[in-house]
Amino acid sequence: MSQSTSNIWCVLKREWKGYFATPVAFVFIVIFLVLIGFFTFSSNLGQFFEREEASLASFFTWHPWIYLFLVPSVGMRLWSEERRQGTMELLLTMPVAPWHTILGKFLASWAFLALALLLTFPIILTTSYLGEPDYGPIACGYIGSIFLAGGYLAVSSMTSALTRNQVISFILSVVICLFLVLAGYPPVTDMLVNWAPGWLVDTVTSFSVMTHFFSFQRGVLDARDIVFFLSLIGFCLFSTSVILRSLRTN
């Protein structure tokens, strides 16, 4: 194992253990599972049974909106907590490259979100019991959901580095992620079509997580969608490093 990998792994393990050192992680997972179950099976919202089809369309439809609030609640503490506790200076002066720490903390939080998502497997079992689903779109939907959570989390990491106040970090994350959602939300794009040229509408929608997440929901693994989410994650983590570097020099 190289020194870089070892450093990232050490930070990842430290952050991972921090999640389960208190009941907060378990509370988050329970809230997530309850919300996703409610929105999926509700007769007024997800209409899982009313659709009369063996698919998880009603399950994945609500992920961008549920993540909009739950993911920032996980990411808001990544750096704000370090600054509040006064441990930021210790982290920045350790013999570890800043990007090792950034990537380690991000991967630990991303793994935690992936764990919460994987615990929704009873919904797959329910669908399999009631019919004969196509597991291709289901697998693609889960992959897209993990990338979606990673994109939101990277945004939250960036905003968390901006302030020591977790509430402010949370609000900034929600606002930015909401923009990324609404940019490709059908009612918004339909409104843009009425007055904006086609190329502008296409440009705006290309920056939306919804546009790229829809492809995963349809069971399509398009390299462009994967590159979009990886680019979003990379840009936000790079921005995080720039913000932390400015704190280090100050």
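## A walk from the salt bridges to the core

Start by selecting Arg14 and Glu15: the two form a salt bridge, with their closest N and O atoms 3.8 Å apart. Keep in mind as you go that this is a predicted model. Colour the pair by accessibility and you'll see two kinds of surroundings. Arg14 is partly exposed, at a relative accessible area of 45%, while Glu15 is buried, at 4%.

Now add Lys105 to the selection. Its side chain meets that of Glu15 in another salt bridge, 3.0 Å from N to O. Which helices does this pair tie together? Lys105 sits in helix α7 (residues 98-118) and Glu15 in helix α1 (residues 3-20), so the bridge joins parts that are 90 residues apart in sequence. Both Lys105 and Glu15 are buried.

Bring in Arg77 too, and you have a whole network of salt bridges: Arg14, Glu15, Arg77 and Lys105 are linked. Across the whole structure, a search turns up four salt bridges.

For one outside that group, jump to Asp222 and Arg224. Their side chains meet in a salt bridge at 2.8 Å, N to O. Is each partner buried or exposed? Arg224 counts as exposed, with 63% relative accessibility, whereas Asp222 is buried, with a relative accessible area of 18%.

Next, show helix α9 (residues 135-162) and helix α13 (residues 209-217) as cartoons. Their axes come within 7 Å and cross at roughly 155°. With the cut-off for roughly antiparallel being over 145 degrees, α9 therefore counts as roughly antiparallel to α13.

Switch on side chains where the two helices meet. From α9, the contact residues include Cys140, Ile143, Phe147, Leu148 and Tyr152; on the α13 side they are Val209, Phe213, Phe216 and Gln217. The residues of this contact divide into nine nonpolar, four polar and no charged.

Stay on Val209 and expand the selection to its neighbours. Leaving out residues up to four places away in sequence, Val209 touches Leu148, Tyr152, Leu180, Val181, Phe228, Phe229 and Leu232.

Last stop: the largest nonpolar core, which has 54 residues. Which residues have the most contacts inside it? Select Phe28, Leu56, Phe59, Tyr67, Tyr142, Tyr152 and Val209. Helix α9 gives the most to this core, with eleven residues. Tyr152 and Val209 will look familiar, since you've just seen them touching.

Notes: Residues are numbered from 1 along each chain as its sequence is written. This is a predicted model: local features need pLDDT of at least 70, side-chain atom pairs count only at pLDDT 80 or more; totals for chains, interfaces and linings use all residues. Side-chain values use heavy atoms; hydrogens and water are left out. Axes are lines fitted to C-alpha atoms, for helices over the stretch in contact, and angles run from 0 to 180 degrees between N-to-C directions. Helices (H or I, at least four residues) and strands (E, at least two) are DSSP runs, numbered from the N terminus. Angles under 35 degrees count as roughly parallel, over 145 as roughly antiparallel, 65 to 115 as roughly perpendicular and the rest as oblique. Contact means heavy atoms within 4.5 Å. Ala, Val, Leu, Ile, Met, Phe, Trp, Tyr, Cys and Pro count as nonpolar, Asp, Glu, Lys and Arg as charged, and the others, Gly among them, as polar. A nonpolar core is a set of buried Ala, Val, Leu, Ile, Met, Phe, Trp, Tyr and Cys residues joined through side-chain atoms within 4.5 Å. Buried means under 20% relative accessible area, exposed over 50%, partly exposed in between (1.4 Å probe, protein chains only).
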